[in-house]
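Please explain how this structure is put together, for someone who has not seen it before. An account in running paragraphs would be welcome.

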Amino acid sequence: MEEKVLIKDLKDLENFTKEFSKKLKGNEVILLEGDLGAGKTTFTKYLLKALGVEEEITSPTFGIMNQYEGKNFDIYHLDMYRINNFDISDIIGKGLIIIEWPKENIDYNYKINVQQLENDNRLFIIQGG
Ligand SMILES: Nc1ncnc2c1ncn2[C@@H]1O[C@H](COP(=O)(O)OP(=O)(O)OP(=O)(O)O)[C@@H](O)[C@H]1O
Ligand SMILES: [Mg+2]
């Protein structure tokens, strides 16, 4: 299944991530694709807020993986931009896994492509679910 969502501002992003968060059980893998600065980390920040994460959410670029405690399950946020290989098999099923710049061969529940349009609009193309 493929869904396209036009996000015009951060309020739209907040509404979209709130709706999306309701689908999640806490054992999914979400891949985030899109150009540098498209809005992958920003999507993650709003999604994690919707899932009840209270601490500040930062880009994991230099730490590879950040772990957060949501209201109902843990969340692992990874950025594979600078990594050749990172084995996620240890964390599969232990929480929600969100991966920016994923490698080709990772099995996923949702693949989200973030595209930056004119006027700071974003198009989110969601596959899976
Ligand atoms: N939906 C949005 N509306 C307005 N501004 C946004 C939106 N999404 C992202 N931005 C802004 O764009 C910039 C880059 O966003 P972000 O860090 O989320 O991109 P990224 O895709 O994670 O980049 P990278 O590839 O470097 O990890 C930030 O300054 C952020 O505030
Ligand atoms: Mg990022």
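The following paragraphs treat the sheet, then the helices, and finally the surroundings of the ligand.

The model shown here is a predicted one. A suitable starting point is its open sheet, which has seven strands in the order E1-E7-E6-E2-E5-E4-E3 and mixed pairing. Strand E1 (2–7) and strand E3 are the edge strands, each of them pairing on one side only. From one strand to the next, the twist averages 20°.

Both senses of pairing can be followed at the E3 end of this order. Strand E3 covers residues 65–69 and strand E4 residues 74–79, and the two pair in the antiparallel sense over five bridges. The connection between E3 and E4 is a hairpin of four residues. Within this pairing, Tyr68 has Ile75 in E4 as its bridge partner. E4 also pairs with strand E5 (residues 96–100), here in the parallel sense and again over five bridges. In that case Tyr76 has Ile97 in E5 as its bridge partner.

Attention may now turn to the helices. Helix H2 lies across strand E2 (29–33), E3, E4, E5 and strand E6 (110–116). Relative to E5, the direction of H2 is at about 160°.

H2 also packs against helix H1. Two packed helices are described by the angle between their axes and the distance between the axes. For H1 and H2 the angle is about 55°, and the axes are 8 Å apart. Because angles under 35 degrees count as roughly parallel and those from 65 to 115 as roughly perpendicular, H1 and H2 are oblique to each other. The crossing in which H1 passes H2 is right-handed. On the H1 side, the contact involves Leu13, Glu14, Thr17, Lys18, Phe20 and Ser21, which meet Thr42, Phe43, Tyr46, Leu47 and Ala50 of H2. By class, the residues of this contact comprise six nonpolar, three polar and two charged.

The two helices appear once more in the surroundings of the ligand. Which residues come nearest to ligand 1? Of the 16 residues around ligand 1, these are Gly37, Gly39, Lys40, Thr41 and Thr42. The elements giving two or more residues to this shell are helix H1 (10–21) and helix H2 (40–50). H2 supplies the largest share of the shell, namely three residues. In composition, the shell around ligand 1 has five nonpolar, six polar and five charged residues.

Taken together, H2 is an element that recurs in this account: H2 lies across strands of the sheet, packs with H1, and contributes to the shell around ligand 1.

How values were computed:
Residues numbered from 1 in each chain as written. Chains lettered and ligands numbered in written order. Predicted model: local features only at pLDDT ≥ 70, side-chain atom pairs only at ≥ 80, totals over all residues. Near = placed C-beta within 6 Å. Nonpolar A, V, L, I, M, F, W, Y, C, P; charged D, E, K, R; others polar. Axes fitted to C-alpha atoms, helices over the stretch in contact; angles between N-to-C directions. Parallel < 35°, antiparallel > 145°, perpendicular 65-115°, else oblique. Left-handed = near helix turned anticlockwise from the far one by under 90°. Contact = placed C-beta atoms within 7 Å. Pairing = 2+ DSSP bridges.
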